[in-house]
Amino acid sequence: MTNNHQHIDASSKTDSPSSSHTKTQQRKSSIELLRIISATAIVLYHIEGSPFKKATHSGLICFIIIATIFQIDAKTQRPLVFFKKRTIRILTPWGFWGCIYFTLNLATNKKAFPYSNGVINDILTGPWIGLWFFPFILATSLATHLTTTTFREKHKYTKITTYAILTCIALYAFKASNPTEPPWSQWLHALPSIPLSFLIRESIEPTKKIVLPLLVTLFTFISCATIAPELTTTYTLATFAVAIAFSANNLSSKAINKTSILCLGVYVTHSIFIRISNKLIPQEFNSTLTIFLAATSMSFITAYLLSKTYLRRIIT
């Protein structure tokens, strides 16, 4: 699930569902709190029969937008140096959890790659559907880095217009293609979040905090409703939540900041604990709520325990 904001950068830890801050910035607990909420929303999304699928799926879009904004703000590095660090940082947890899920699939008599067909799709999707996130972030990292460098000196409103147009193009690409084969369906679903991240970053007005949530959210709602209606709920909620988190007065909470470090661990382990909960919870108590509470609790506890070991690099 996620920049040089210390939690999901390739060189630090910022492009998975576990992003944080650069060394030059203070962590903003409102953003970290949103990441925790988004992590729990993703757990709920993956429970069979759970309600509010489009709303809970916005949690993943929040992760991508936050990670991209942090990457935009990260210290500029030469593309080759940046991409090398990014590759190591992202492919380490991707490879580790790919092996874990591959082993679990074989141990439970499932197909090694049950969610896709073809060598390329199998590699990019992995033995668990959620692993598509890591190759996607890696593929978009260099493009984001180069875009930041290219547009750095452009006029603010030129950049805002460009990013708005690119968001609409990405929405149209999703609507026009609408593939069902993983990971391309996931990639195209997430693609509009990248230019939208740039738009949100450029639209931040520290002296007019209410402007960001209203105007950018309104743009997202109108563009999605016009071009790709099935994305309207997911993207509007994600845009509004991220806009509020970045615009809010700085909330300082050590507890929130420490908990948010575990979000990547929750992302990569929750599928295992959903399976376990489904098997262990008695039928009379087996409901969406009980599965959600059990899987979420076990995911956070496991991520916390692993964060105290040498395996912390693959869950934080």
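An axis here is a line fitted to C-alpha atoms, for a helix over the stretch in contact, and angles run from 0 to 180 degrees between N-to-C directions. Helices (H or I, at least four residues) are DSSP runs, numbered from the N terminus.

Before you start: this is a predicted model, where local features need pLDDT of at least 70, side-chain atom pairs count only at pLDDT 80 or more, and totals for chains, interfaces and linings use all residues. Residues are numbered from 1 along each chain as its sequence is written, and side-chain values use heavy atoms, leaving out hydrogens and water.

**Exercise 1. Work out how helices H3 and H5 are arranged.**

Step 1. Two packed helices are described by the angle between their axes and the distance between the axes. For H3 (residues 79–107) and H5 (residues 133–151), the angle is about 165 degrees and the axes are 10 Å apart.

Step 2. Angles over 145 degrees count as roughly antiparallel, and those under 35 as roughly parallel (65 to 115 is roughly perpendicular, and the rest is oblique). H3 and H5 are therefore roughly antiparallel to each other.

Step 3. Now the handedness: a crossing is right-handed if the near helix is turned clockwise from the far one by less than a right angle, and left-handed if anticlockwise. H3 passes H5 in a right-handed crossing.

Step 4. Look for contacts, meaning heavy atoms within 4.5 Å. On the H3 side, the residues include Phe-82, Phe-83, Arg-86 and Trp-94, and on the H5 side they include Phe-134, Leu-138 and His-145.

Step 5. Sort them by class: Ala, Val, Leu, Ile, Met, Phe, Trp, Tyr, Cys and Pro are nonpolar, Asp, Glu, Lys and Arg are charged, and the others, Gly among them, are polar. The H3 and H5 contact comes out as 13 nonpolar, 3 polar and 1 charged residues.

**Exercise 2. Do the same for H8 and H10.**

Step 1. The axes of H8 (residues 193–203) and H10 (residues 232–247) come within 11 Å and cross at roughly 30 degrees. So H8 and H10 are roughly parallel to each other.

Step 2. H8 passes H10 in a right-handed crossing.

Step 3. Ser-193, Leu-196 and Ile-200 of H8 meet Tyr-235, Thr-239 and Val-242 of H10. That contact divides into 4 nonpolar, 2 polar and no charged residues.

**Exercise 3. Check the span of H10, then find what its buried residues pack against.**

Step 1. The expected span is 1.5 Å times one less than the number of residues. With 16 residues, H10 should span 22 Å, and its end C-alpha atoms are 22 Å apart, which agrees.

Step 2. Buried means under 20% relative accessible area, exposed over 50%, and partly exposed in between (1.4 Å probe, protein chains only). Among the buried residues of H10 are Tyr-235, Ala-238, Val-242 and Phe-246.

Step 3. The buried residues of H10 pack against H1 (29–45), H2 (53–73), H7 (184–190), H8 and H9 (211–227).

**Exercise 4. Track down some backbone oddities in the loops.**

Step 1. Which two residues does a cis peptide bond join? They are Pro-182 and Pro-183, with omega about 0 degrees. Pro-183 is in the loop between H6 (156–177) and H7.

Step 2. Phe-52, in the loop between H1 and H2, has phi near 60 degrees, a positive value in a residue other than glycine. Is Phe-52 buried or exposed? At 62% relative accessibility, Phe-52 counts as exposed.

Step 3. Asn-109 has a positive phi too, near 65 degrees, and sits in the loop between H3 and H4 (119–125). At 73% relative accessibility, Asn-109 counts as exposed.

Key. Helices (H or I, at least four residues) and strands (E, at least two) are DSSP runs, numbered from the N terminus.
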